[in-house]
Amino acid sequence: MYLIETEDNIGFLTASYVKNRIKSFVPTKSKPYLVLAFPTGGTAVDLYKNLVKFYQDGLNFDKVVTFNLDEYAGLPENHPESYHSFMAKNLFNHIKISKEQINILNGNAKNLEQECANYEEKIKNYGGIDLFIGGVGQNGHIAFNEPGSAFDSKTRVVDLTSNTIAANARFFNGDISQVPTRALTMGLYTIMDAKEVIIMATGNKKSQALYHAFEDKQNTDWPITVLQKHPRTFIIADKAATSEISKTTKQNCGLCSFIN
Ligand code: GLP
């Protein structure tokens, strides 16, 4: 796990990394698409703003397939806070990409378990995730893998914790009762199986989660710690988010410049 601490625009840096991956991707018969896993949430807004800019400057998404990390269960797809709406509003309405290239879990499927199993299978059929991009919850969740999630979990239906419901109430007029209590999410195994992982974190609300990511041993109370054993994970964070990580750890975990 590498830590990249920066005061630069994290959305821009992450979008630049995605752009480079898209540009250097060479499709083959057995691997026709670059598979990207895309997040939602406040931190992701800047990432998409920059990807849209890159698209306007000529970046082509024709050889890209996207899988979103998660979706609320039971929230109508056209609800302004569904992750379907978020992705349309922030990215998909602004770039040329076909419906077939976009995958988002259906939180209103008749059989949610089947929906999750199909999603996992579809990811596998595309050859797995090449680049996973996520944020982190205040409680250390990645996608909607809440504390207690098994490290070998796959795409599934989960209950959201009161901490996550409270944190996400800001998107529902601050009204906790409007936040769905269940969601569908890629599992921690699904994420660990990705070839590369980028986690974006900003602000001191994320500092405890990053403390555990870098200073704690692997444990399911802090799902982000699963990434300690992932060979190519970059945590890109501002100073506020890294404020609880010790100097020594920062020196040892390699501040590497990966944008080219
Ligand atoms: C939600 C999403 C997560 C995201 C987290 C952090 O709970 N399901 O995938 O990482 O929010 O979001 P924010 O960037 O708004 O803090």
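**Group meeting: a ligand pocket and selected residues**

Let me begin with Ala143, which at 8% relative accessibility counts as buried. This is a predicted model, and I would ask you to keep that in mind for everything that follows. Ala143 belongs to the loop that runs between strand S6, residues 131-134, and strand S7, residues 156-159. What is the phi value of Ala143? Phi there is near 50°, which is a positive value in a residue other than glycine.

There is a second residue to set beside that one, namely Asn173, where phi is near 55° and therefore again positive in a residue other than glycine. Is Asn173 buried or exposed? Asn173 is exposed, because its relative accessible area is 71% and the cut-off for exposed is over 50%. As for its place in the chain, Asn173 is in the loop between H5 and S8.

Staying with that loop, let me turn to Arg170, which also lies between H5 and strand S8, the latter being residues 182-185. Arg170 counts as exposed, with a relative accessibility of 54%. A polar atom of the Arg170 side chain lies 2.7 Å from the backbone oxygen of Ala167.

Arg170 also brings us to the ligand. Which residues come nearest to the ligand? Of the 13 residues around the ligand, those that come nearest are Gly42, Thr43, Asp70, Arg170 and Lys206. Taking the polar distances one at a time, an oxygen atom of the ligand is 2.4 Å from an N or O atom in the side chain of Thr43. With Gly42 the partner is in the backbone, where a polar atom is 2.7 Å from an oxygen atom of the ligand. For Lys206 the partner is again in the side chain, with an N or O atom 2.7 Å from a ligand oxygen. How much of the ligand's accessible area does the protein cover? On its own the ligand has 390 Å² of accessible area, and the protein covers 94% of that.

The shell of residues around the ligand divides into four nonpolar, six polar and three charged. As to where the ligand sits, the space that it takes is the largest pocket.

Now to helix H5 itself, which spans residues 162-168 and contains Thr164. Thr164 is buried, because its relative accessible area is 2% and the cut-off for buried is under 20%. The side chain of Thr164 is joined to the side chain of Glu146 by a polar contact of 2.7 Å.

Next, a few pairs of residues that are separated along the chain. Ile133 is found in strand S6, and at 0% relative accessibility Ile133 counts as buried. How many residues apart along the chain are Ile133 and Thr14? They are 119 residues apart in that sense, while their C-alpha atoms are separated by 8.4 Å.

Lys195 gives another such pair. Lys195 lies in the loop between helix H6, residues 188-192, and strand S9, residues 196-201, and at 46% relative accessibility Lys195 counts as partly exposed. From Lys195 to Pro231 there are 36 residues in sequence, and the distance in space, C-alpha to C-alpha, is 8.2 Å.

The last pair involves Ala241, whose place is in the loop between strand S10, residues 233-237, and helix H8, residues 247-252. Ala241 counts as buried, at 0% relative accessibility. Ala241 and Glu196 are 45 residues apart in sequence, and from C-alpha to C-alpha they are 21 Å apart in space.

To close, I would go back to the ligand, since that is probably where discussion will start: the protein covers 94% of its accessible area, and Thr43, Gly42 and Lys206 are among the residues that come nearest.

Definitions and conventions
Residues numbered from 1 in each chain as written. Predicted model: local features only at pLDDT ≥ 70, side-chain atom pairs only at ≥ 80, totals over all residues. Heavy atoms only, no water. Near = heavy atom within 4 Å. Polar contact = N/O pair within 3.5 Å; in protein donor to acceptor, adjacent residues only side chain to side chain. Areas by Shrake-Rupley, 256 points an atom, 1.4 Å probe, with all protein chains shown as cover. 1 Å grid on protein atoms, 1.4 Å probe; cavity = no way out; pocket = protein on both sides within 12 Å on 5 of 7 lines; lining within 4 Å. Sits in = over half its atoms within 2 Å of the grid points. Nonpolar A, V, L, I, M, F, W, Y, C, P; charged D, E, K, R; others polar. Helix = DSSP H or I, 4+ residues; strand = E, 2+ residues; numbered from the N terminus. Buried < 20%, exposed > 50% of the residue type's maximum accessible area, 1.4 Å probe, protein only.
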